[in-house]
Amino acid sequence: MSKPRLLLVTNLFPSSAEPTRGIFTRQQMQDLLEWYDITVVAPYPWAPQWARKLLKTGVDVPYFEKIGDFDVYHPRYLVTPKIGRSLYGIFFFLGIFLTLSRLKKQLNPAMIAAHWMYPDGLG
């Protein structure tokens, strides 16, 4: 009997570029693997070139990678330095929409879970 599929959306999950980012999220999901097959959508912020130094962002991660037992997708979402923070939830939504739509069709998950209220839950 196959396990139900869980699709996790979180802005904090390890990647090949940042293996300790959100390690607690990975540990929680590792425990749930006993009951669920889990696929992770862990978006990364994207900023225009001029803003990357201000945000200290620009981490280079692939769109898809395997992290331990997890298939992890890293779509990008726009962030702007010091302005428009109230729009990050909308930017997050726009960044994950196509990836999440495709995975929802492809995997038919029993549940889509957001790990944080903002911007994950709003997205």
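How much accessible surface does the protein have, and what share of it belongs to carbon and sulfur atoms? In this predicted model, the accessible surface comes to about 7400 Å², and 60% of that area belongs to carbon and sulfur atoms. The points below begin with the overall fold and then turn to one buried residue and one surface patch, taking up Thr 99 and the nonpolar patch that includes Leu 87.

**Overall architecture**
- The protein has 4 helices and 7 strands, and its elements, read from the N terminus on, follow the order β-α-β-β-α-β-β-β-α-β-α.
- Of the 123 residues in the protein, 40% are buried.
- Among contacts in the protein with a separation of 6 or more, 74% are accounted for by residues that lie 24 or more positions apart.

**Thr 99 in helix α3**
- Thr 99 is found in helix α3, which covers residues 88-107, and Thr 99 counts as buried because its relative accessibility is 6%, where the cut-off for buried is under 20%.
- Once neighbours within four places in sequence are left aside, Thr 99 is in contact with Val 41, Tyr 63, Tyr 73 and Pro 75.
- With one of these residues, Tyr 63, the side chain of Thr 99 makes a polar contact, side chain to side chain, at 2.7 Å.

**Nonpolar surface patch**
- Leu 87, Ile 90, Phe 93, Leu 94, Phe 97 and Leu 98 form a nonpolar patch on the surface, and together these residues have about 600 Å² of accessible area.
- Leu 87, a member of this patch, lies in the loop between β6 (76-78) and α3, and with a relative accessible area of 38% Leu 87 is partly exposed.

Technical notes
Residues numbered from 1 in each chain as written. Predicted model: local features only at pLDDT ≥ 70, side-chain atom pairs only at ≥ 80, totals over all residues. Heavy atoms only, no water. Helix = DSSP H or I, 4+ residues; strand = E, 2+ residues; numbered from the N terminus. Buried < 20%, exposed > 50% of the residue type's maximum accessible area, 1.4 Å probe, protein only. Polar contact = N/O pair within 3.5 Å; in protein donor to acceptor, adjacent residues only side chain to side chain. Contact = heavy atoms within 4.5 Å. Patch = residues over 30% accessible without salt bridge, like charges linked within 9 Å, V, L, I, M, F, W, Y side chains within 5 Å. Areas by Shrake-Rupley, 256 points an atom, 1.4 Å probe, with all protein chains shown as cover. Salt bridge = Lys/Arg side-chain N within 4 Å of Asp/Glu carboxyl O.
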